[in-house]
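This report walks through one protein chain, beginning with its overall form and then turning to selected parts. Please keep the sequence and the structure in view while reading.

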Amino acid sequence: MSFWLRVCLLATLAGLCACAGAPVQWPSTEGLTKLPPAREINPIAQPDTSRPLAIVGATLIDGRGGPPVRDAVVVVRGDRIVAAGARGATDVPAGAEIVRGDGHSLLPGLIDAHFHLGGDDGLPGLLLQRGVTSLREPGNWIEAYDAARELGPVPRLFLAGPMLDGPYPAYPESALLVRDAAEARWAVDRLVERGASAIKVYFRLPLGLVEAVAQAAHARGVIATAHLETVDAAAAIRAGLDGIEHITSLGTALVPPREAERYRQAVIAANEARVEGRYELFRDLSLGAPRTSALLRLLATRGTFVTPTLAVFERREDDEGATETHVRGFQNMMRLTGAARRAGVRLVVGSHGMAPRAERGWAYQHEMELLVESGLSPMQVIVAGTLENARFFRIEDRLGSVEPGKLADLVLVEGDPLADIRAMRRVKRVMLNGRWVASRQGN
């Protein structure tokens, strides 16, 4: 069956389900793009295997979205979780090292779907100290991380290499220029051979080349994700994208065609037109419009992952230079994010590395807080940052949840993030691959 025929059948089925009032369900991992597991580019230090370790008394939030387990026991041996459950039902091995977790919550290591190094070589290590144990950089040369890796432990690095962009790229230093389908295939091959576990399309690439990149990426066993500004999101999703970077990438698909074309032409003429234009595009966005529900239904039916990165667009009334357009535009970005989750869209957490209203190293936690403000529950945000992100990365077979057999990437926080997501800032211990890499005493 051809690609376009599959798309048409899916769209028809989605429309029938919507008319019948059927709930939107996420597709299984047996979807259109069944791809092999991704691998990080950096070897991770191995732990001591001679003595098991048991974390006892914490509330276990395992990343799968089920009820938390109070007074839990999690046993780690070597780099693996070997047991996890309630204290009364989970044995602590004789001679195990005991870590007391009373008054704390234990979660899977956080996964950052959209991180930018930005020349700050110490930032990946700092994120690890804050509980981020895996990250994806969707738009930088892989060797840009060499200096960061020499500074000490860093998260598992799932890198995409430079983004693929069209002529007059917005960021020439971190882009590969693609002008036709042959160059698209060549660029994908080159990046995958150098270790890329995803391919990112940037906004100056036209729709036909978005499709060529997605096909080439899938042929090489990696996903294709995109930052869209000038290509309609619905068309790009149908062209085969696995992920959408930034909630603003949906903008031109959600406004009247004339308004979308005005914005599109302005951005093609000048990259910087995006800076103010995106707020103007979102200022009067209608969540009740048929085009909005249609796009969200398409995203949910296709199982396309969306990384909102709200923190990088945040504008509030008390910000210097903020206008009514900025504030209303950002409010609608948050409203759209909440609506997307209610529609069954697969949202994941991405920090962008740095954000205007977040202190250095705290952009991820700030993004989690904005997602809660947008209408997601704390549990939904935690799942979006752990197991759902692992699915987006294609590493859910070994990471993303606290289950026996999975790798021991864990974060211990003081308090209960299900009651107050800000507890995710009170990181006490971080485990990477069965080894403690961060430990803090006091507040």
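## Overall form

What radius of gyration would a compact globule with 443 residues have, and what does the chain have? A compact globule of 443 residues would have a radius of gyration near 22 Å, and the chain, with 21 Å, agrees with that expectation. The model is a predicted one, and every value in this report is to be read with that in mind. Along its principal axes, the C-alpha trace of the chain spans about 70 × 50 × 45 Å.

The chain has 13 helices and 19 strands. Of its 443 residues, 58% are buried, and the area that the chain exposes comes to about 17600 Å², of which carbon and sulfur atoms supply 51%. If one takes the contacts with a separation of 6 or more, residues 24 or more positions apart account for 69% of them.

## An open sheet of five strands

In what order do the five strands of the open sheet stand? The order is β2-β6-β17-β18-β19, and the pairing is mixed. The strands β2 (59–60) and β19 stand at the edges with a single partner strand each, so one side of each is left without a neighbour in the sheet.

Within this sheet, strand β6 (residues 104–108) pairs with β17 in the antiparallel sense over five bridges; in this pairing L106 stands opposite L412, while the bridge partner of L107 is V411. On to the next pair: strand β17 (residues 410–414) and β18 are also joined in the antiparallel sense, over four bridges. Here V411 stands opposite V430 in β18, and L410 stands opposite M431 in β18. V411 can therefore be followed across the sheet, with L107 as its bridge partner and V430 standing opposite it in β18.

As for burial, β17 is mostly covered, since four of its five residues are buried. Strand β18 (residues 427–432) has five of its six residues buried, so it is largely enclosed by the rest of the structure. As general background, the side chains in a regular strand alternate between the two faces of the sheet.

## The hairpin and two positive phi angles

Strand β18 also pairs with strand β19 (residues 435–439), in the antiparallel sense and over four bridges, and in this pairing L432 stands opposite R435 in β19. The hairpin formed by β18 and β19 has two residues between the strands, and N433 is found in this loop. Phi of N433 is near 60°, a positive value in a residue other than glycine. This deserves attention because most residues other than glycine have a negative phi.

Y168 also has a positive phi, of about 60°, although it is not a glycine; this residue is found in the loop between β10 (163–165) and β11 (175–177). Are these residues buried or exposed? N433 is buried, with a relative accessible area of 3%, whereas Y168 is exposed, with a relative accessible area of 69%. The cut-offs behind these words are under 20% for buried and over 50% for exposed.

## Helix α9

Helix α9 (residues 290–302) has 13 residues and reaches 18 Å from its first C-alpha to its last, which is close to the 18 Å expected at 1.5 Å a residue. Its buried residues are T292, L295, L296, L298, L299, A300 and R302. Just after α9, G303 takes a positive phi of about 75°.

## Aromatic rings

How many aromatic pairs does the count come to? The count comes to five aromatic pairs. One of them is formed by F158 and F393, whose rings have their centres 5.4 Å apart and their planes at 75°, so the pair is edge-to-face; the cut-off for this term is an angle over 60 degrees. The pair links distant parts of the chain, for F158 lies in strand β9 (residues 156–159) and F393 in helix α13 (residues 387–393), 235 residues apart.

Both F158 and F393 are buried. They also belong to one aromatic cluster, which is formed by F158, F305, F392 and F393.

Notes. Residues are numbered from 1 along each chain as its sequence is written. This is a predicted model: local features need pLDDT of at least 70, side-chain atom pairs count only at pLDDT 80 or more; totals for chains, interfaces and linings use all residues. Side-chain values use heavy atoms; hydrogens and water are left out. The expected span of a helix is 1.5 Å times one less than its number of residues. Buried means under 20% relative accessible area, exposed over 50%, partly exposed in between (1.4 Å probe, protein chains only). Two strands pair if DSSP finds at least two bridges between them. The radius of gyration is taken over C-alpha atoms; the globule rule is 2.2 Å times the number of residues to the power 0.38. Contact means heavy atoms within 4.5 Å. Accessible areas come from the Shrake-Rupley method with a 1.4 Å probe; for residues, only the protein chains shown count as cover. Rings of Phe, Tyr and Trp (its six-membered ring) pair if their centres lie within 6.5 Å; planes under 30 degrees apart count as stacked, over 60 as edge-to-face and the rest as tilted.
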